[in-house]
Amino acid sequence: MRVFERTPIDIEKVTVPHGQVYIIPERCKGCEMCVEFCPKDVLENSVSTNAKGYHYPEVIAGKEGACIHCEFCMVVCPEFAIFTEAVEV
Amino acid sequence: MAEAVFVEKHPLDEIIRGYRMPHIWCPGCGIGIAMRAFATAVLESGIPEEKHVVVSGIGCTGRVAGYMDLDSYHSTHGRPIPLATGLKLANPELAVTVFSGDGDLAAIGGNHLIHAARRNIDLKVICVNNFNYGMTGGQVGPTTPVEARGTTAPYGNPELPFNLPYLLAASGANFVSRWTTIHIHEMKKDMLYMFKKPGFTFIEILSPCPIGFGKSNNIEDGLQEMELYREHCQFVKEGEFVFEDLDIDLTKDKPIYVGRFVDRDNPAFEPIREVPA
Amino acid sequence: MSDKKVLTGKHFMHGDHACAEGALAAGCQFFAGYPITPSTEVAERLARRLPEVGGVFIQMEDELASMAAIIGGSAAGKRSMTATSGPGFSLMMENLGLAAFMEVPCVVVNIQRGGPSTGLPTAAGQGDVMQAKWGSHGDYSVVAYAPWSPQEIFDLTVLAFNVSDRYRVPALMMSDEVIGHMVERVEIPEPDKIPYWGRKRPDRNNGHTNGNGRFHTFKPDEDDLVPPMGFAGEGYKMHFTGLTHDESGIPDLSPDVHNDLTKRLIEKIDRNADDIIRFEEYSLDDAKIVVVSFGCTARSARRAVRDARAQGIPVGMLRLISLWPFPEKVVKDLAESADEFIVAEMNLGQMSREVERHVRRSVTGVHHGGGAMIRPETILDAIKEVAHG
């Protein structure tokens, strides 16, 4: 439940989107642009690597609900390796 | 909402040749970002996919033609623009995009670049400028900033680079803009605009090249070069700049100006297709 | 407008103009060129005539652009041509290799002049004939013809477009300034008498696509080794690249793929050589001496042979009409029956090497570096010297 000093009058109508992160680990080259530019800091480098030795991104434990489907990771990824889809909550 | 789900296909795999991924570009290279913007622009352009043609030259950016799932022509070094000219004149219904790099378009291809702009022929040109010849290992090129280093300029580049927007504006292009790979939305917006704009349209996209340019110039990786763009870039609109300002000089403390620099409506080139009355 | 494509009738026509008319009669719809003496009149004629037939003429900024532009025009489905001379021919070499490797049909006209370098802009030469075959880097094949009259340049330009289309190979018109600038009788037939061989087109039912329905840009048919050609804008989503590529068109830089591809491109022309090769035999039935010549020099050679015959010398002329592929079969056959070979050409020994290679003995060369036609007397002297000593 979110608490506001003054409740916005359209709080029932406007909802913050929620997103599910999808990753294609074999395409990732570990450039970390998605990690760096995510406005909600949802991502971090994995410990494991893909077949080429790159650390692909993973959702930080505890941040599973934080993705707001802004799609910035998708538009900034040079590798076509990450995207999000909207989820209903 | 859960942890990341691992999949094998990307939503854009139909318009790019998803079966050829991962592509050959280095970690941190910005060409993939420009290509992604172009792929979505093609899908949203309202022009049927079979009418889109991509022509590219030699170099890392030139490989884009092979990764787009459209009719594509990967020509010789410097010659995508005249090849695209032939395609467009022979079949005016085609939407022809030239997608190539700074060396390919402005050095060996320089003559064709200025003549196509002079003619104002209906070609959409996307020039990814990473300030060097990346594919061949990081040699300097016509857009390498002065005193920057490259494998053929180990003591620093003694030459001044092209100011591409100034060059294209003077040559007669109808539309000239510059963005960097961090300007995701503006880049794609201009690509969509280009598809609707007749005449010669040119977008310069500054891009990180961590192995070719960054390594010789103390830029650690692609991410750091993106941060540099974020720090140094400044939007300008018509009336807020003169073309001389648009040169890029890393030795001086001046911003890198981005934005739409030329947007005019001169008639696009039309060959004489029937004997005038 | 189509009746204007073919100027049926008898004309007194300039060689360069006859070449242009041959292109139009063959259905050429796109010309991109750059002015260079002595080929400029081809461009000038097409600048005037192409709008009459709904085609497009463009003067490009240089010859490199011209060659690239006709590759683009041809890739979009139009018969495309350019015209140049020696210096421009050299500039076109890289993209000629691109056309050969990407199997894009096109016609390149070289009205040869004295070379090398700027050389003799307004005088003839035949010094580019080896360059026609070997000028671009790597192993590839082209087709090249050498006309000896304005009539023949008309006919051979039509043939060049047909061969180029059918075999997806660049076709070169290796003329010279004498033929290009002379004015002679040219008879142009009715449109339905002009042969037209089109490009092989894809048929999704006969295996030109793979299991996923994707069109294979370069999958050759087994019999003639020619792949069907899709044009830009038809929805085949093809990739054409100058890199070594596999049958789907995607770059594949492995040595085996490269070897197979380069060999197929050469075999494609060798296997179909009988359809492409042209030559003329003059007085060869009982000839013991054979004069091999082509282009303007063959005109002098024929006169020399006639004069020699009048003196009782058993000599004949083999006139090469196709230079490449080289008509090696007829040359080898003549090597059985004839003793001596003379090669007359306006260069310092180019086709003579090819003749020598096939007849396996030394040939006598009648050579001149360019600038003036080799006179019949010069060739007659060579014939007499060979005959008597």
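Strand β3 (residues 71-74) of chain B lines up parallel with β10(C), and 3 bridges hold the pairing on paper; strands count as paired if DSSP finds at least two bridges between them. Strands here are DSSP runs of E with at least two residues, helices are runs of H or I with at least four, and both are numbered from the N terminus. Within this pairing, Tyr73(B) has Phe240(C) in β10(C) as its bridge partner. The model is a predicted one, in which local features need pLDDT of at least 70 and side-chain atom pairs count only at pLDDT 80 or more, while totals for chains, interfaces and linings use all residues. Residues are numbered from 1 along each chain as its sequence is written, with chains lettered from A and ligands numbered from 1 in the order in which they are written.

The pairing with chain C belongs to an open, mixed sheet of 9 strands, running β8(B)-β9(B)-β6(B)-β7(B)-β5(B)-β4(B)-β2(B)-β3(B)-β10(C). Its edges are β8 (233-235) of chain B and β10 of chain C, each of which pairs on one side only. From one strand to the next the twist averages 20°, with axes taken as lines fitted to C-alpha atoms (for helices, over the stretch in contact) and angles running from 0 to 180 degrees between N-to-C directions. Elsewhere in this sheet, β5 (residues 124-129) and β7 (residues 201-206) of chain B pair in parallel over 6 bridges. There, Lys124(B) has Thr201(B) as its bridge partner in β7(B).

Turning to the interfaces, chains B and C share the most contacts of the 2 pairs of chains that touch; a contact means that the C-beta atoms of two residues, placed from the backbone, lie within 7 Å. Chain C brings 41 residues to this contact and chain B brings 34. On the chain C side, β2 (30-33), β3 (56-59), α3 (63-75), α5 (93-101) and β10 (239-241) each supply at least two residues. The top contributor there is α3(C), with 9 residues. By type, the chain C side splits into 23 nonpolar, 11 polar and 7 charged residues. Ala, Val, Leu, Ile, Met, Phe, Trp, Tyr, Cys and Pro are counted as nonpolar, Asp, Glu, Lys and Arg as charged, and the others, Gly among them, as polar.

One of those chain C elements, β2(C), is covered on both faces: Phe30(C) and Ala32(C) are buried on one side, Phe31(C) and Gly33(C) on the other. Buried means 20 or more other C-beta atoms within 10 Å of the residue's own, against 12 or fewer for exposed and anything in between for partly exposed, again with C-beta atoms placed from the backbone. β2(C) runs parallel to β3(C), joined by 4 bridges, and Ala32(C) sits opposite Ile58(C). It also pairs in parallel with β4 (residues 80-84) of chain C over 2 bridges, where Phe30(C) partners Ser80(C).

Chain A meets chain B through 28 of its own residues, against 27 of chain B. β1(A) gives the most to the chain A side, with 5 residues, and that side divides into 16 nonpolar, 4 polar and 8 charged. Here too strands run parallel across the boundary, with 2 bridges joining β1(A) to β1 (residues 5-6) of chain B; Ile23(A) stands opposite Phe6(B). Chains A and C do not touch, their nearest C-alpha atoms being 19 Å apart.
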